[in-house]
Amino acid sequence: MSDPFKPRPAFAPWDRRELPGLFDVEESARRVGAYKWIEMRLFEALGGWIATVPELDVKMILGRHCYHHAWHAELFDKRLPELREMNTDRLCAPANDAMEAFVEALHEPDAPELTIEKLVGVFRVLMPRKIAAYTFHLNGTSRVTDAPTQRSLEFILQDEWNDWREGEMLLQSLIDTPEELERAIRRQHELEALVVRAGGITGPGTIGTTTEVEGAGV
Amino acid sequence: MRKQLPPEMLARDSRFVRTSIMDQILDPRNRKISERTIGPAKLAPGRPASADRARNLMHGIFTGEIQALEGAGRTMFDFDETEAPFALKLDMARQCWDEARHVEISIKLGEWMGTEIGEFTEATFLYEAACAPDPVLRLCGVNRALEGLAIDVFNTMKEFGDVSGDPVLEFCEDWMLADEVTHVKMGSDWLRRLTADDPERLERALDFQRTVDKLFSLGGFRGETDENPVHLARKLREMAGFSTTEIDEIAELSELARAEGKAAVEAAGSA
Ligand SMILES: [Fe+2]
Ligand SMILES: [Fe+2]
């Protein structure tokens, strides 16, 4: 029988977690606040659009996804006080003016004929950006000190992958003609231009690049 | 996207046919139907056309679920956080997911019962209650009044599934009932929280609920006798946060609505 009192290393050989991480408490809180803000704007938009899309399958899928993003917002909201931000509304804000402009443009389509425009904004522009930002945070933060954020991000990313895939398949099933393809590309181009100006959902440096973006209003 | 989307702008595919609830209630043919002596109105397998009536009711549930989904979604979008707090929006998002599942269940159950989308008309009364300008009114009109009605309807359908030997119907209605009790409770809890310091707002909301409750007792559609196709589910309503006084009041309103509905049909028939 092995001796239970024999000293063992504090970390198992396969545990490669390291200190420090890329973000201090303040930066982690700033990013989490921006994530909560974007998740809120997304679930509100999906909720609002349900009544405006005639396609029954899209209607039901938006209803389901809407809850997923609300849950993400709730997880981020709960994390903020743990990052010394007791007023969770203060950091629940867009990264910059350009990000706010992007969300305004994302929300714009209203008419029942514009399902492609609504879905492109969510599934071909915003969700890939969220997946990128969350993955960067997950990979860059200290897996020791920021483990609670990391755990939430892992659950959230699982939802994001599944929902993105479902949304992309919806779009592929809706885009049939050259005109519809043109609409999808045009919409993606318009919104991408805005999100590039914002520098990503937490502003310049969202995925580690630190170049300041001109005109982002930071 | 605009705030406050009116009912006529609800987006539907070409299978759906819209009608007004008042046209349905005041249809002059109702008089002839009410003159026929075909036994009690309660949904029972032995009653003529009970299968058709159950299918019709199922289609009504299906369109109601779509509107409940749409209404909860709009409450998240139409209000900012000063009007609808973050936690309320989270509850509405959860309700969206639940209602989306109810739409799925209703479609599959409708197919099982032998009906198809668009076979019956759609009245937008549920969504209309979800257009109130105050979120508290929406919670009272939709979550407490109409989802309270949904509890009564689902319970009636569940019992019908049981007595008519349809385990699929019974199974589905039971699951939907569980969710609806949660939604009604959500309405009761938020009503208390949002009006804790505002008795006038509370009274306005309860007034709106009474109006909706009376309107949707639909000329005797819901009540506590064999003359009412849908029965008041007292026990489940208690679980959802209704007091006995409130349930008694709904029973009285239903009786009143039955008498008024009868008079309206007679007046329409003699006009
Ligand atoms: Fe429902
Ligand atoms: Fe419900």
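This talk covers an iron site in chain B and the interface between chains A and B.

Colleagues, please keep in mind that the model is predicted. I begin with the metal. The iron ion (ligand 2) takes its protein donors from Glu99(B), Glu147(B) and Glu180(B), each through OE, and from His183(B) through ND1, at 1.7 to 2.2 Å. Along the chain these donors follow the spacing E-x47-E-x32-E-x2-H. The arrangement is irregular, because the angles subtended by the four donor atoms run from 83 to 159°, whereas a tetrahedral assignment would require all angles to lie between 85 and 135 degrees.

The iron ion (ligand 1) lies 3.3 Å from the iron ion (ligand 2), and Glu99(B) coordinates both. Two further donors come from separate helices of chain B: Glu147(B) lies in helix 6 (residues 135–163) and Glu180(B) in helix 7 (residues 167–194), so this pair ties together parts that are 33 residues apart in sequence. Glu147(B) is buried, at 2% relative accessible area, and Glu180(B) is likewise buried, at 1%.

I turn now to the interface. Here 31 residues of chain A are in contact with 31 residues of chain B. The two chains bury about 2,400 Å² between them, with 73% of that on carbon and sulfur atoms. On the chain A side, Leu56(A), Met60(A) and Tyr67(A) lose the most area to chain B, together 24% of what that side buries.

As for polar interactions, there are two salt bridges between the chains. One of them joins Glu70(B) to Lys59(A), with the closest N and O atoms 2.6 Å apart. Eight residue pairs are in polar contact across the interface. Helix 2 of chain A gives the most to the side that touches chain B, with eleven residues.

How values were computed: Residues are numbered from 1 along each chain as its sequence is written. Chains are lettered from A and ligands numbered from 1 in the order in which they are written. This is a predicted model: local features need pLDDT of at least 70, side-chain atom pairs count only at pLDDT 80 or more; totals for chains, interfaces and linings use all residues. Side-chain values use heavy atoms; hydrogens and water are left out. Donors are N, O and S atoms within 2.8 Å of the metal (3.2 Å for Na, K and Ca); water is not among the atoms, so sites may look incomplete. Four donors count as tetrahedral if all angles lie between 85 and 135 degrees; four count as square planar and six as octahedral if opposite donors are over 155 degrees apart and all others between 65 and 115; anything else is irregular. Helices (H or I, at least four residues) and strands (E, at least two) are DSSP runs, numbered from the N terminus. Buried means under 20% relative accessible area, exposed over 50%, partly exposed in between (1.4 Å probe, protein chains only). Contact means heavy atoms within 4.5 Å. Buried area is the accessible area (1.4 Å probe) that two parts lose on being put together, summed over both. A salt bridge is a side-chain nitrogen of Lys or Arg within 4 Å of a carboxyl oxygen of Asp or Glu. A polar contact is a pair of N or O atoms within 3.5 Å; within protein, one must be able to donate a hydrogen and the other to accept it, and residues adjacent in sequence count only if both atoms are side-chain atoms.
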